[in-house]
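Good morning, and thank you for making time for this presentation. I would ask that you keep the sequence and the structure in view while I speak.

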Amino acid sequence: MTTTSHRPLSRQILSIAVPAFGALIAEPLFLLADTAMIGRLGAAELAGVGLAAAIVQTATGLLIFLAYSTTPAVARFLGAGQIGNALARGRDGIWLGLGLGALLAVIGWFTAPFLVHIATPDAAPHAINYMQYSMFGLPAMLAVLAATGVLRGLQDAKTPLKVAGAGFGLNILGNYLLIYVLELGVIGSALGTSVVQWLMFAVYVAILIPRMRKNDVGFAPTTAGLRATAQVGSWLLVRSASLRVAVLATVLTATSLGTEVLAAHQIVFNVYSTMAFALDALAIAAQALIGKELGAANVPTVRALTSTMIRWSFGFGAITGLLLGATALWLPYIFTTDPVVIEATTAGLLVLAVSQPLSGYVFVLDGILMGAGDAKYLGLIGIANIVIYLPALYGLAALAANATHIGAVALVWIGFAGIYLAARAVGLWLRIRTDTWIRLGAH
């Protein structure tokens with residue numbers, strides 16, 4: 001038996017993409033609330049938390065595969081009419097998240113003191129405290145990633161939005177009480193966020209357990225399920241690592257070009273990350289819907305979804321690009337008063353604006369191939385992209401060293417938003433233009 005939907009494709013896409021967008025922006029709001037409250041404690045506290053949070057975010061960013069591998073696997077079983085197997089695969093993904101989280105939490109707790117060698121003397125104690133007490137919530141955080149992927153695979157993106165929204169509200173209240181009322185400072189912030197992560201996990205457990213019981217799905221993980229999730233996840237980890245390498249290499253290049261260039265680059269990158277939420281929401285819809293229709297062996301629907309979402313990706317990219325281009329002159333004033341940084345930021349924003357349609361195309365093809373379970377190809381092409389990008393970035397850096405601050409920022413972003421994204425686009429297009437990625441059925 002297969003399952004399918006008779007709703008228009010546009011409604012199916014929006015029913016997942018819109019709530020996914022809301023859930024995606026919840027995490028940055030968590031961090032923004034933390035930053036605002038910690039900032040009032042002092043510069044040392046803010047610097048320490050900034051360093052520790054960057055490390056934690058890097059770890060969770062690399063392990064986003066817990067959501068991105070669980071979603072298509074669950075969706076594929078759902079499409080094949082195997083709801084029990086769908087829930088079982090989701091259960092295994094959640095257990096994998098808990099296990100990896102527990103392991104990383106122990107490692108993080110004992111390696112946190114090494115941060116004293118990186119941070120300034122006044123910030124180091126706060127960095128250590130924040131990282132160590134954040135470790136209590138890491139298993140739940142990774143399990144929540146997997147549980148979010150399970151519900152998206154079941155074509156439910158609204159519940160993760162509700163859970164994330166409630167968690168955001170509790171995080172603000174809880175951290176305020178712990179930081180200021182109980183005067184726990186940085187430790188209170190880390191503990192508050194950890195507690196909220198466990199509460200969010202408890203909500204997902206309460207949602208999924210009745211469904212598992214109804215379909216006679218046991219609670220214990222299976223070795224085969226853990227292995228399957230880890231195998232797909234390992235290639236997605238390679239993909240995520242390649243993205244991090246590209247971002248880090250670009251930051252280091254901007255750093256070598258001077259303070260003004262680095263400051264401008266950081267502003268442009270923050271804008272890029274914000275714009276990415278809208279484009280990534282469409283990619284998440286692609287993961288869920290493509291996985292489901294492949295499981296149902298509905299090839300015509302798979303092709304129709306693919307062509308529709310590719311068109312939408314260019315459309316969304318064009319809209320965000322036009323908005324960005326129209327605001328590029330005044331947007332930098334929100335972030336800085338330095339005239340040199342403002343000029344350089346505007347140059348970077350204009351390059352970013354032009355690249356938005358290409359960015360949208362890359363994001364959605366990424367999501368389509370994830371939905372198809374084509375993780376190995378995504379991992380391999382990620383490595384190839386880095387091999388292409390790093391020499392090109394080196395050459396652009398040499399040109400930028402002799403350019404003005406405006407030209408330097410423009411060249412850095414021509415590298416990242418032009419050459420790197422173009423390399424990704426070509427690699428993804430080479431795959432999508434064939435039928436190699438179309439694999440039908442539950443497995």
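Which residues does Leu-154 touch, not counting residues up to four places away in sequence? They are Val-74, Leu-78, Ile-83, Ala-86, Leu-87 and Arg-211, where contact means heavy atoms within 4.5 Å.

Before I continue, a note on the source. This is a predicted model, in which local features need pLDDT of at least 70 and side-chain atom pairs count only at pLDDT 80 or more, while totals for chains, interfaces and linings use all residues. Residues are numbered from 1 along each chain as its sequence is written, and side-chain values use heavy atoms, with hydrogens and water left out.

To return to Leu-154: this residue sits in the loop between helix H7 (138-153) and helix H8 (158-181). Helices here are DSSP runs of H or I with at least four residues, numbered from the N terminus. The relative accessible area of Leu-154 is 14%, so the residue counts as buried, the term meaning under 20% relative accessible area with a 1.4 Å probe, protein chains only. Its C-alpha lies 8.5 Å from that of Lys-292, although 138 residues separate the two in sequence.

Let me turn to the domains. The domain assignment, which is an automatic or database one, gives domain 1 (9-221) and domain 2 (257-433). Taken over C-alpha atoms, their centres are 25 Å apart. How many residues of each domain are in contact with the other? The numbers are 22 residues in domain 1 and 25 residues in domain 2.

The size of an interface is often given as the accessible area lost when the parts come together. Between domain 1 and domain 2, the buried area is about 2100 Å², and carbon and sulfur atoms give 75% of this. Buried area is the accessible area, with a 1.4 Å probe, that two parts lose on being put together, summed over both. In domain 1, the residues that lose the most area to domain 2 are Ile-13, Tyr-68 and Arg-76, which together account for 29% of what that side buries.

What kinds of interaction cross this interface? The count of salt bridges between the two domains is 0, a salt bridge being a side-chain nitrogen of Lys or Arg within 4 Å of a carboxyl oxygen of Asp or Glu. There are, however, 3 residue pairs in polar contact across the interface, both residues at pLDDT 80 or more. A polar contact is a pair of N or O atoms within 3.5 Å; within protein, one must be able to donate a hydrogen and the other to accept it, and residues adjacent in sequence count only if both atoms are side-chain atoms. On the side of domain 1 that touches domain 2, helix H1 (9-24) and helix H4 (65-79) are the elements that give two or more residues. H1 gives the most, with 10 residues.

Helix H4 also holds Thr-70. Thr-70 counts as buried because its relative accessibility is 2%. A polar atom of its side chain lies 2.5 Å from the backbone oxygen of Leu-66. Leaving aside neighbours within four places in sequence, Thr-70 is in contact with Phe-65, Gly-90, Gly-93, Ala-146, Gly-149 and Val-150.

A second threonine, Thr-320, belongs to helix H12 (residues 299-327). Thr-320 is buried as well, at 11% relative accessibility. Its side chain makes a polar contact of 2.9 Å with the side chain of Gln-356. Beyond four places in sequence, Thr-320 touches Met-275 and Gln-356.

Helix H6 (residues 124-134) is mostly covered, with 8 of its 11 residues buried. Among them are His-126, Tyr-130 and Gln-132.

Finally, the salt bridges, of which the rule counts 6. Asp-92 pairs with Arg-91, the closest N and O atoms being 3.1 Å apart, and both residues are buried. Lys-292 pairs with Glu-293 at 3.3 Å, and again both are buried. Asp-366 and Arg-424 meet in a salt bridge at 3.3 Å, N to O. Asp-366 lies in helix H13 (residues 339-371) and Arg-424 in helix H15 (residues 405-432), so this pair ties together parts that are 58 residues apart in sequence. Both Asp-366 and Arg-424 are buried. Through shared partners, salt bridges join Arg-239, Asp-366 and Arg-424 into one network.

Technical notes: Buried means under 20% relative accessible area, exposed over 50%, partly exposed in between (1.4 Å probe, protein chains only).
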